[in-house]
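Hi everyone, thanks for coming. I'd like to walk you through one model today, so let me put it up on the screen.

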Amino acid sequence: MIITKLSLRGIRNNLGRLALTVLAITLGVGFVSGSFIISDSLGKVFDSIVERANQNLDARVQPITDDSFGQTPGTIPESLLDDILALDEVAQVDGFVAYEGANGFIGLDVDGEPQTPGGPPILTFSWNGPSEEGGGFELVDGSAPSGENSVAINVEQAEALGVGVGEEVTFQTPTGLKVFSVDGIVSFTAGGAWFTLFDLPTGQQQFDKVGLLDAMEIQAAPGVLPSAVLSAIEPLLPEGVEVIDQAQASAEDSEDFNQVISILGNILLGFALVALFVSLFIIYNTFAILVSQRIQQIGMLRAIGAGRGQIRNTIFIEAILVGVIGSVLGIVCGVGVAELIKALFESQGGFPETGTVISLRTVIVALIVGIVATLVSALLPAFKAGKISPVEAIRNEGVQPGNGRVRVLVGALITAVGLFAVGYGLTGAAGLSGTLTLLGAGAVFTFVGVALLSGLFAGLAVQALGRSGPVGLLGTISGVLLLVGGVALLVGGLVALVFGTGITGEITVPGQDGAEDQVFTPPSGAGQVVTIIFGAMFGALGAMFLFSGPRALADGFRLLVHSFRGGAETKMARIARENAARSPQRTAATATALMIGLALVTLVSVLGQSLKTSLTDVLDNSIGADLFVSTEFGEPLPDDFAAALLELEGIGAVSEYRSIPIRLGGPDGDVLRADSFTASTGESVLTYNLSEGSFDGLSDGTAVVVTTSLADDRGLRVGQTLDVEFEDGVTEQLAIAGIIANENFTNGTMLMDNSLLLQHDDDAPIESIGATISAGADIAATTDAAKNLGSNYPSVQVFNNDDLQQELESGINGLLVLINGLLGLALVVAFFGVVNTIVLSVLERTREIGLLRAVGMTRGQLMSTIRWEAIMVSLFGALLGIALGILFGIAGVRAIPDTVIDQVAIPWTTLAVIVVMSGLIGVLAAYLPARRAAKLNPLDAIATL
Amino acid sequence: MSGVTSTANFAAYCRNATKIYGKGETEVRALYDVSVGFETGRFTSIMGPSGSGKSTLMQCMAGLDSLTSGQTYVGSVELSSLKDKQLTELRRNQIGFIFQAFNLIPTLSAEENITLPLDLAGTTPDKEFMKQVIDTVGLGDRLGHRPNELSGGQQQRVAVARAMASRPAIIFGDEPTGNVDSKTGAEILSFMQLAVREFGQTIVMVTHDPVSASYSDRVLFLADGEIVDEMQNPTADSVFDKMRHLGD
């Protein structure tokens, strides 16, 4: 009872000190519950869409989509439709076909520009609903498509094309340009995808599926049970076709969506857990500081009879309460996070209308996660509090807890386990996914271990860092950036604020160089409020930047000049250095929070840079091709494209690439992938680097070359014969002609000629085409000609080497931005951690600050001291983070197969940015605590016990 | 005083207590072969110059610190054999403390502070006794106030009452008036005297102030870790006189 009372009163008394800790938990838990809420909300929406789409259906006939070998997801003969319709149990049957792939049909606007939704695909189906109700689609204008020139499109597409019902649109189609009349406009939201719908016969014709259906939807005759329909249809079905009931159909449809949703949810959750992990260190720090501040009080409690357990419990109860408060706020914050993510998706084009689903699981998991995280972080401080001796009550000075031998031992042990996991993972003994798991777990252990150990050298490190000129440089750079950024933010914020209030009215910016004038209309409604709020926020942030920037700049410059002259550091920097070094454990924990976020940023950047370098290397060294042809969404290339390309002037060799599953070693063998290329062009297009043998016999379809991995795996040698079973059930005996050393271009395990593959699967899709330009030909003209050829086909893309490199790099860069953006949350939490530590340190040193002020330190000098301390701690964290990030980055590169990344590249610019960022974090984190400290009255401060 | 002959009357006593800090060059003998007993129901002061070992003696006898050699007893319990848990229980039930500062938990009211040791022990206070103690403290309606709303004298009176709450065998005071002016000091010391007279409480107090010592029944003088003298029924003047010649 009394213990609880003590804890409660303790919290009430330390509310301000605990506020930032609560914030850290709130942010972490908020992101966790946010990712649950968003996936639940999305799941519910898709469930209801699927339910609506299938509401009139009693049974569905579909091909058995078994991915295993030998059962190609085939199509259903259309004749089956009439057979089923003839059944007494059946009232109606609707056939359905879909275009395999995306962006097969792209509309051109009035200017002849193709319009696409950007990221999401355009999907093309036959209209499958009974007459006026397309299954799941809602007709908002016009009628269902009917006839071979008729099409229905979704609202967004109609807007982009600028057409209404009854107007004509030219589409790029797999068979060339065609004009259709837009007869219907439908609405259906699915993550920003667009839809183009034909009637069934037109669809069959356009999709090259005449006489075939992809699925049939069946309605039972009145009074007939669905089960009766199923059993009536069953006997009619050919092999490879199945019939399922409504529940199963809905379940299957939802499953696809749910998979996507759970992947999205898990990614968000992963980043949320990183942020939560970071907040552990902040919580730890807060409790450690609270305990050391209360050391005398705890000593007194011990002296009058409180047991160790009772002291520990007061800390635990405080932790639980803080955890509960933080978690509850976190759940509320999670709703906001979910809304924010929704808004983000919406701005990217379309997000289904969702309610906000807060399931019981979300609440329970969020509470458990928040409370457990807080308890775990408070564990060490609680035990330390329990160990406080009663004599502390009589000693006048709180003793600085030293670096416990146990802590160092445990830290070393955990670090060793972490590094061992990384090392063991790198042996590759656990397979790729095992290796990555080991690396991940190893990283977590190493983070914790280093956090425990870093107290050992935090003092020395900060002393060393603080003494040198570079800190002055960092301060100077941070100051300049804050000045510039502050002006930009302040001006931008004020402009937005004024513009948002609407007093300026419309603003017209005259277009430069004949471009159209741009007209900005002040927002109204919710947009107005948001503009004003954001304007004010940015303005305030800018003001804060401007307040702290000049001082940081002046300080930094002074220190820089000092160290240039070889003189001693400034007094302020020296006091700051000593302060940071005084409680190494605290400095270490603060730095660790920052370290984790920055280590992950470094890791991701190292991987990205290495990937880019590796790809560039491949492009430079192993690719003879000058031109590449592929499609945007990986749909098959047109059959005649390679031939058309060859006819262009200046094109040398052309090779088509396909890939299919085969079974190696007879009927019981493993299903593997085999690739095919145009063997007659040999290696002129892509260099496979045979380590042994040759391509002899590939062109006649009697031999294959195998990858080194397969050869090593199965002990294969050149000259041996392989039994290869194809999807048509035929087994061929193929000789091994050579072994591929460079596996960059192989998806599968072996490579054969296109002719051999087509013999057994005549519609295996062409995945890509490579072409060389003849020596002496006009490279630019030939490239242009090839690109022109490509633009006649929808979604066909022709790249030259530069395009390819750019495409690859922009893809990688986009991913890096996304990942780093999500890691930003962890950095925000870490930033609050730095603020937290500085605030608590200032509180703890109130007396000392009073003394310094009393003996003549000015407010500015005091603020400077506090700022330097924050910069030094941040810089320490950044350097630790960079070191660990590079370590894990190298480990990651090693773990990823060489075919993807084969060399380590360090992104020096990014690392420099990280260091500068740590300077900014330090300056900004110190701003408020420093101001508060400067306002203290020296005499009051000294009187504080 | 040297050897302890009969221990029956002692609330606490020690035998051949020696406490050495540090080693070799830096070795400090804080206590050397001290044997002393504190009779039940008496108010004893321990005096001596800075570094004489008076605080060390008190801390060791109260089980806050351990001896290098020798034994200390509270009642008949020898402290060096006790584990932390047993020591905690002993402090809870047999020993009361009054410190110079940081005596009270700032977040608890005066009354809550007084009953704190009992609450920690999980025992219900003897209402009759508690009422008596609280009445003696004389806080009246300020009992529900937080320590920072009380005067320094009131705070220390609460601390004395808190020390008495569990009816300990002995109360140790570490300069309980070290932090207050002389008028407040007198108020606190009178209250401690009252505790001894009215409740038969045993109190041992470390002090360096002869006036404070004059409130006690007996004064022990320490110098360089050894007991060099003692005085019964002291007055401020006699104590002052003794102190002046202590080094002689």
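**Where the two chains meet**

Let's begin at the contact, which takes 21 residues from chain B and 20 residues from chain A. Two helices stand out on the chain B side: α2 (84–94) and α3 (110–121) of chain B each supply at least two residues of the side that touches chain A. And what is that side of chain B made of, by class? We find 10 nonpolar residues, four polar and seven charged. Please keep in mind that this is a predicted model.

Now over to chain A. Its C-alpha atoms fill a box of roughly 95 × 70 × 65 Å along the principal axes. Chain A has 945 residues, and 46% of them count as buried. Its secondary structure comes to 25 helices and 25 strands. If you take the contacts in chain A between residues at least 6 apart in sequence, 84% of them join residues at least 24 apart.

Let me pick out two elements of chain A. One is helix α16, residues 584–621 of chain A. Where does α16(A) bend? Have a look at Met595(A): the helix bends there by about 25°. α16(A) is also mostly covered, with 30 of its 38 residues buried.

The other is strand β3 of chain A, residues 90–96, again mostly covered: five of its seven residues are buried. β3(A) runs antiparallel to strand β12 (residues 215–220) of chain A, and six bridges join the two. If you'd like one pair to find on the screen, Gln92(A) has Gln219(A) in β12(A) as its bridge partner.

Back to chain B, where there is a nice sheet to look at. Six strands form an open sheet there, in the order β6-β7-β8-β3-β9-β10, and the pairing is mixed. At the edges sit β6 (95–98) and β10 (226–232) of chain B, each pairing on one side only. Ignoring direction, neighbouring strands of this sheet are turned by 20° against each other on average.

Within that sheet, which way do β3 (residues 43–47) and β8 (residues 203–206) of chain B run? They run parallel, joined by four bridges. Phe43(B) is a good place to zoom in, as Phe43(B) stands opposite Ile203(B) in β8(B).

One last helix: α8 of chain B, residues 236–244, lies across β3, β9 (218–223) and β10 of chain B. The angle between α8(B) and β10(B) is about 160°.

That's my tour, and I'm happy to rotate the view for anyone.

Conventions
Residues are numbered from 1 along each chain as its sequence is written. Chains are lettered from A and ligands numbered from 1 in the order in which they are written. This is a predicted model: local features need pLDDT of at least 70, side-chain atom pairs count only at pLDDT 80 or more; totals for chains, interfaces and linings use all residues. Two residues are in contact if their C-beta atoms, placed from the backbone, lie within 7 Å. Ala, Val, Leu, Ile, Met, Phe, Trp, Tyr, Cys and Pro count as nonpolar, Asp, Glu, Lys and Arg as charged, and the others, Gly among them, as polar. A residue is buried if 20 or more other C-beta atoms lie within 10 Å of its own, exposed if 12 or fewer, and partly exposed in between; C-beta atoms are placed from the backbone. The bend at a residue is the angle between axes fitted to the seven residues ending there and the seven starting there. Two strands pair if DSSP finds at least two bridges between them. Axes are lines fitted to C-alpha atoms, for helices over the stretch in contact, and angles run from 0 to 180 degrees between N-to-C directions.
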